[in-house]
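Here is a colleague's note to read beside the model, written for someone who is meeting a structure of this kind early in their studies. Please keep the structure open while going through the numbered points.

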Amino acid sequence: MVSAVENIAVLFYNAKSTKMDQILESVETIDDDCDTRGVHFVKIADPAAAYHYGISTLPTLVYFKNGVPNLFDGELLDDEGVLQWLMTHLESAEIEEVSSSMLARLIRDTRNIVVIFCKYIAYAIIALT
């Protein structure tokens, strides 16, 4: 689904977590706002799917713009903060920073990709062409 949709936010989570009811309730409050701005919001409780994207900590929110992942590092219970972060990435044309596992997946799955490695940064910066 990630490759078929231009703008999608995916909440990877553990269904057994006691905190998830609050987080799901919080992100549900911004779902309509996301829909009206063209961002599909989905949730998935499949550890294998999270692992596929190099995610080891749950819950994790990832926004994919044209298949390029952006990890949310804020508080998931802050629905307005999540919405603001999503809208910033929706309107942004900035080159994204990714982890090494996500880079490996992008190289494997993407036909055209430009990667810039920086000596003092532990991550690669990518841009899709």
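**Notes on the helices, the sheet and the rings**

1. Helix H4 is a good place to begin, and its buried residues are Gly81, Val82, Leu83, Trp85, Leu86, Met87, His89 and Leu90. Please bear in mind that the model is predicted. The length of H4 can be checked by a simple calculation: at 1.5 Å a residue, its 13 residues should span 18 Å, and the end C-alpha atoms are indeed 18 Å apart, which agrees.

2. For the chain as a whole, there are 5 helices and 7 strands, and from the N terminus on these elements follow one another as β-α-α-β-α-β-β-α-β-α-β-β. Of the 129 residues in the chain, 40% are buried. When contacts with a separation of 6 or more are considered, 64% of them are made by residues 24 or more positions apart.

3. Which residues are buried in helix H1? In this helix, which covers residues 20–28, the buried ones are Met20, Ile23, Leu24, Ser26 and Val27. They lie on the same side of H1, because they cover an arc of only 160° around the axis. A general point helps here: an α-helix has 3.6 residues a turn, so residues three or four places apart point the same way. The face of H1 turned away from this buried side carries Asp21, Gln22 and Glu25, which are exposed.

4. The cover over the buried residues of H1 comes from several elements, including strand S1 (7–12), helix H2 (31–36), strand S2 (40–44) and helix H4 (79–91). Ser26, whose place is in helix H1, can be looked at on its own: its relative accessible area is 9%, and since buried means under 20%, Ser26 counts as buried. If residues up to four places away in sequence are not counted, Ser26 touches Leu76, Leu77, Asp78 and Asp79.

5. The next thing to trace is the sheet, in which 4 strands are arranged in the order S2-S1-S3-S4, forming an open sheet with mixed pairing. Its edge strands are S2 and strand S4 (68–71), each of which pairs on one side only. From one strand to the next, the twist averages 25°.

6. The mixed pairing can be followed strand by strand. S1 and S2 run parallel and are joined by 5 bridges, whereas S1 and S3 run antiparallel and are joined by 6 bridges. Leu11 is a useful residue for seeing both connections, as its bridge partner in S2 is Lys43, while in S3 it stands opposite Leu61.

7. S3 and S4 also pair, in the antiparallel sense and over 4 bridges. Two examples of facing residues are Val62, whose bridge partner in S4 is Leu71, and Phe64, which stands opposite Pro69 in S4. The hairpin of S3 and S4 has 2 residues between the strands, and in this hairpin Asn66 takes a positive phi near 55°. S3 itself is mostly covered, with 5 of its 6 residues buried.

8. How do the helices lie on the sheet? H1 lies across S1 and S2, and runs at about 165° to S1. H4 lies across S1, S2, strand S3 (60–65) and S4, and runs at about 20° to S3.

9. The aromatic rings deserve a separate look, and the count comes to 4 aromatic pairs. Phe72 and Trp85 form an edge-to-face pair, with 5.0 Å from centre to centre and 65° between the planes. This pair links distant parts of the chain, for Phe72 is in the loop between S4 and H4 and Trp85 is in helix H4, 13 residues apart. Both partners fall below the cut-off already mentioned, so both are buried: Phe72 has a relative accessible area of 13%, and Trp85 has a relative accessible area of 14%.

10. A last feature to find is the cluster into which ring pairs link Phe12, Tyr53 and Phe64. Of these, Phe64 has already appeared in the sheet, where it stands opposite Pro69 in S4.

Conventions
Residues are numbered from 1 along each chain as its sequence is written. This is a predicted model: local features need pLDDT of at least 70, side-chain atom pairs count only at pLDDT 80 or more; totals for chains, interfaces and linings use all residues. Side-chain values use heavy atoms; hydrogens and water are left out. Buried means under 20% relative accessible area, exposed over 50%, partly exposed in between (1.4 Å probe, protein chains only). The arc is that of the directions from the helix axis to the C-beta atoms. Contact means heavy atoms within 4.5 Å. Two strands pair if DSSP finds at least two bridges between them. Axes are lines fitted to C-alpha atoms, for helices over the stretch in contact, and angles run from 0 to 180 degrees between N-to-C directions. Rings of Phe, Tyr and Trp (its six-membered ring) pair if their centres lie within 6.5 Å; planes under 30 degrees apart count as stacked, over 60 as edge-to-face and the rest as tilted. The expected span of a helix is 1.5 Å times one less than its number of residues.
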